[in-house]
Each structure stands twice: as C-alpha cells, then as structure tokens.
Amino acid sequence: MTSPSMTAAPQAMPKKWYFVTNHQNLLMYLMLNIITPLASLGKKSYQDSLSFKVGYTPVFSTKPPKWAHDMSIKERDDLLPVIIELDLNGYQGQLLARRQSQLKPQLESQENSANNQNVDNQGWQSMTAAQVFTTNSYDCADLDLTMLLLSEPIAAGVITAIKFANKESIKKIKDKVLDTNGVDISLYQLTTQAALFKFNKNHAATPPSTITIDNDGTVINYSFANAITAVYASLNLFANVNEQALNALLTLLQKNTTDINLPLIDDILNDFCQWIITPNSEAHSKAGRLYIDMIEIIIGSSNLSQAKKSIIELLQSQIDPANAQVESQQFVDDLSSMLGLKDKSFNELMTSYTKSFHRMLLTFFHTDGIERFLESDSLELSDSESALAMIMIAASTGWAKLPITQKNYAGMHKDISLLLAQLCASQLNNRQSVLANVPLPVRYYLKQSWNKKSRDAAKVLITDNNWTCLDYEISLPHGQYDINTTAKFVKFKSNHPIRVEEMIDQNEFLTLMTGLNYIDSKVEQLMRSALGI
C-alpha cells in the first residue's frame, strides 16, 4: 500500500513568516543586525518569544498565537508588542518542525496533562531547511507549516516589514531610536496591522510544549562576528581609496584577483586574511602572528582603552633585546606615552618611526574611531599601513557601533547582516564559514568590466539625501562628467586621483551603476540630467 506521504501533494511554501518580540528587543536586534538570543551578550534584553525554546527562534506563517504575544510583553508594563515579517527564502540550517498527523494527539495529551513539560511531544522533528523550504518534497506534505523553530541566527536583512498595533506605537519606536546608537529605522517598512494583535477568549494563551533536545551548549562568539563584519564593511569602503584595502577585501572574500592585476598584499595582511578564513591556521611571519594576537585582544576587550593597555603588555613581552626587528623598548615606551600623550606628539612619533608596523600601531593608538581615521588628512600612510590600521580600528568599533552612513554604504546593509548571521552560525556549529557575497566597490567592477589596468583609488564618496554612491572622474564622449562632490564623510584620499582615461559610453556607465545597485532610478535620472542625456 502506498504511503500517504508519497501520494499527498506538496504544500505551497508560505511567503511570509512572523517573529514576535517587543519594541526594546527590536532595537537590539536591529543594532546587532541579527535576531538571536541575547543572553550571552551581557546586554539588557527582555523576554520575548525566543524564550519558548532556548537556542531556537519560533516563526509563524499565519497570525502569531496569543502566547507568543503575551510572552513578549509580560516582563514590563510599558513594553509594546512588535511583529517582524521575514522572508526566509534564503534561510539555511537546521530547524524543528511538527507533523500535522501528530498535532491532534499532542494537543489532547496536553489538555490531559497537569504538567506540559512531561508531555511526550514527538511531533517536533529536527530537519534541514532544504528538506522543508521546497515545493516538490512529498516527504514534507504532512508538515505543519504554521510554526517552525529555527536554530540559526536570522539576518536583519531578511526583514520585509515591522508591524505594530497602532500608529502611536510607531511614533514611540521612532522616538526611541533617537536615543539608540547604530539603528537606522528608515531601512525598514513600519506598518500597522491591528488584526495581528487582537485575540478573543478562544485563542490559547499557553504555548505548546517542546521536547528536550540535547544541545552542545556552544556559545556563539558574537564579538568576533560583529568585529569581522565591521572589518568587511570598512574595507569595502576603504577599498575605494587604496589598493591594499581592496586586495585585503578580495582575499577575505576569496576572490580571484589575478584578472585585475593587483599587487600581492604584504605578509601581515596575508596572515590576517588567512586567519579569518581558517582561524587555526599558522601565521607565516612573526609580525603577522603578533598582528593577529592584537586583533584577538581588541575583539575580546570590553573597551578600546583596555585593548590598548593589553597590546602594550603583549608588545613588552615580545621584546627580544638581541633581535628587535618588530618592536623595541623605545617604541613600546613611546606607544605607551600615547595613552596620555606625555612627551611627544603624534606627528613627532610618525616622523621618528618609518617601519610600517610601527606607523600602523601609532595610527591605531592615535585614532579612536573610523570617522576620525578617515578625516585625518595628515597621516600620509602607505596603502598597506592604511589597510592594517583600518582593520584594527574596525575591529575595535564592531559592526553594531559603525556610523549609520557607513553601515548603509552602497546598499551593504542586507548583505552584511547575512554575513554576520552566517559567521555566528558557523561558530555555533563549529564549521568553517562560507563567506557571503558582500558587495564589492565600484572600482572593482569598473576594472573588470572594461579590463582596466591597476589604477589609483576612487575620487571621493558623495552623498545626496538618502542615497550614497561613488563619483568617478570619467572622460565621456561629450566631455568630463563630475557631480558636485564633498569631502564631508571621506576626507582620506589616495596619493593620486583616479582618471579612467578610456572613453566610456554614458549609457553603459549608468547601466552598470544601476545594475550594481549603487544608484537607484531617481539618482540615475539626476546623473542623466547632469550629463545632458
């Protein structure tokens, strides 16, 4: 006899999924760019539907149940319920699902049980996303697709809308954002849908029980993931002002750089890139190993001041009087003095030391943030020094605290959030991460599209209202095109301005820019107007 599961037609996969939380936790998720349990972060969070099953995120394809709503606002009277709409089409990883045929016996058993935790709930089964998120799997025809438990962190980039009970709640969240660092609420569609928040007496207020599943207890290293995604975002921006940063970014993404004729990055950058891809790999140079040790100190420190003190201690322990190739006692003393700028100024120290390793460290100790680093015109760092210093500063800043302008740079928000979720998942499951497709700088695509030889860096980043893109000085058939530029955000320039000498068709250039999502249709019209086409 043919099994029902082999003859039943497969279910249509829901296009929308809902996750229930409160307005306070919402801001934390948006700041971190992932939806995941926050207990290990050491930050204040409130109970929400994540409490249903430790280590899993419950998502619903229909109106979320009353128990998820109540669970998310019961800790404080002033918490507002929030429903996050998700597109899980690209979700990968493990999850728990139930069979429809087992739901009825399960509910009857719960009604007859005085303690739901003792219910024999074999309806929950561990599966992969590939098994569930498909429309042609007959094995999934009996699955209950109204509720799933996801085991992987969810990227904020898959949020399609954030729903509230009324307009007053939207106003409150917008007011709250003003006091929250690192959250740009304008990236998300805020809507009201009162029906999702209304329940009658027949709606169950008690959640279904879950079967106890053995977890390995692995704690996700959120600090590492946040720091490394900050490095990705920063190098992507900085890759438009020097070759070494572009090369470092391409190596991190494991791209083939041979086609664009980039020079080899130095040993330290090579060691750092290899460390990201394979954390347990051995460094090829003493300086590379020391640099990685400092990055680990930065990521693990509670604040930048503590990180700098620990780096001083590390350098002190590495001094070899007989062979001080990387650092010396005098340099460590001078670096220590920068914590209070006692005797020598930063400019004096940069003049005194000529080695890249020294100059990179001096710059890191002098700079307390990415914006200050980008605004420092007098640094005159080489490409490799710039990339190394940028990595250290980005790691110390972390993705959650990056400036909004940088987090949104060139439409990277969604892609970086996917990368962050992927890095968290890879550490949780103790597997090597497969790096996401992070948007690359326009300069990379220009070189590939028109087979340019290696040029100098991009001119400047320009901003206009809510859009960002790169402005190139391009020789066009009808003369030179140049939108009014500003150094408001990026003041750090390369040694030589970029000039793409070949004649490039205007429409081809605009089509490329639009296709890469660096400009939208409104901006394209603005540029066409400026070009007179």
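Which residues in α7 meet F272, W275 and I276 in α9? In this predicted model, the residues on the α7 side are F224, I228, V231 and Y232. The axes of these two helices come within 12 Å and cross at roughly 130 degrees. That angle makes α7 oblique to α9, and the crossing is left-handed.

The wider setting comes next. The protein has 21 helices and 14 strands. Of its 533 residues, 53% are buried. Among contacts with a separation of 6 or more, 74% join residues that are 24 or more positions apart.

Helix α9, residues 267-277, also packs against helix α10, residues 286-300. Here the axes lie 8 Å apart and the angle is about 50 degrees. This makes α9 oblique to α10. The crossing of α9 past α10 is right-handed, whereas that of α7 past α9 is left-handed. On the α9 side, the residues that meet α10 are I268, D271, F272 and W275. Their partners in α10 are A287, G288, Y291, I292, I295, E296 and I299. F272 and W275 thus appear in the contacts with α10 and also in those with α7.

The nonpolar interior can be taken next. In soluble globular proteins, nonpolar side chains tend to be buried together. In this model the largest nonpolar core has 125 residues, and L86 and L361 have the most contacts inside it. Helix α7, residues 222-238, gives the most to this core, with eleven residues. Another core, of 15 residues, lies apart from it and includes Y18, V20, A68 and L196.

What does L361 touch, leaving aside its neighbours within four places in sequence? Its contacts are M294, I311, L315, F331, L335 and M392. L361 is also one of the buried residues of α14. Nine of the eleven residues of this helix, which covers residues 356-366, are buried, so α14 is largely enclosed by the rest of the structure. The buried stretch consists of F357, H358, R359, M360, L361, L362, T363, F364 and F365.

Two of those α14 residues, F364 and F365, are touched by K308. K308 lies in helix α11, residues 304-318. Is this lysine buried or exposed? K308 has a relative accessible area of 10% and is therefore buried, the limit for that class being under 20%. Besides F364 and F365, K308 touches L339 and T367, when residues up to four places away in sequence are not counted.

Helix α8, residues 243-252, is mostly covered too, with nine of its ten residues buried. The buried ones are E243, Q244, A245, L246, N247, A248, L249, L250 and L252. After α8 comes Q254, which has a positive phi, near 55 degrees. Most residues other than glycine have a negative phi. N33 is not a glycine either, and its phi is positive at about 75 degrees. N33 is found in the loop between α2 (23-32) and β2 (34-35). With 0% relative accessibility, N33 counts as buried.

Strand β4, residues 81-86, holds P81. P81 counts as buried, at 17% relative accessibility. When neighbours within four places in sequence are left aside, P81 is in contact with T21, H69, I73, F164 and F197. P81 and D48 are 33 residues apart in sequence, while their C-alpha atoms are 9.2 Å apart in space.

The last residue to visit is S61. Where is it found? S61 is in the loop between β3 (57-60) and α3 (66-73). S61 counts as buried, with 17% relative accessibility. Its side chain reaches the backbone oxygen of L145 at 2.5 Å. Not counting residues up to four places away in sequence, S61 touches P14, K16, W17, Y18, L145 and T146. One of these, Y18, belongs to the core of 15 residues.

Key
Residues numbered from 1 in each chain as written. Predicted model: local features only at pLDDT ≥ 70, side-chain atom pairs only at ≥ 80, totals over all residues. Heavy atoms only, no water. Helix = DSSP H or I, 4+ residues; strand = E, 2+ residues; numbered from the N terminus. Buried < 20%, exposed > 50% of the residue type's maximum accessible area, 1.4 Å probe, protein only. Polar contact = N/O pair within 3.5 Å; in protein donor to acceptor, adjacent residues only side chain to side chain. Contact = heavy atoms within 4.5 Å. Core = buried A, V, L, I, M, F, W, Y, C linked by side-chain atoms within 4.5 Å. Axes fitted to C-alpha atoms, helices over the stretch in contact; angles between N-to-C directions. Parallel < 35°, antiparallel > 145°, perpendicular 65-115°, else oblique. Left-handed = near helix turned anticlockwise from the far one by under 90°.
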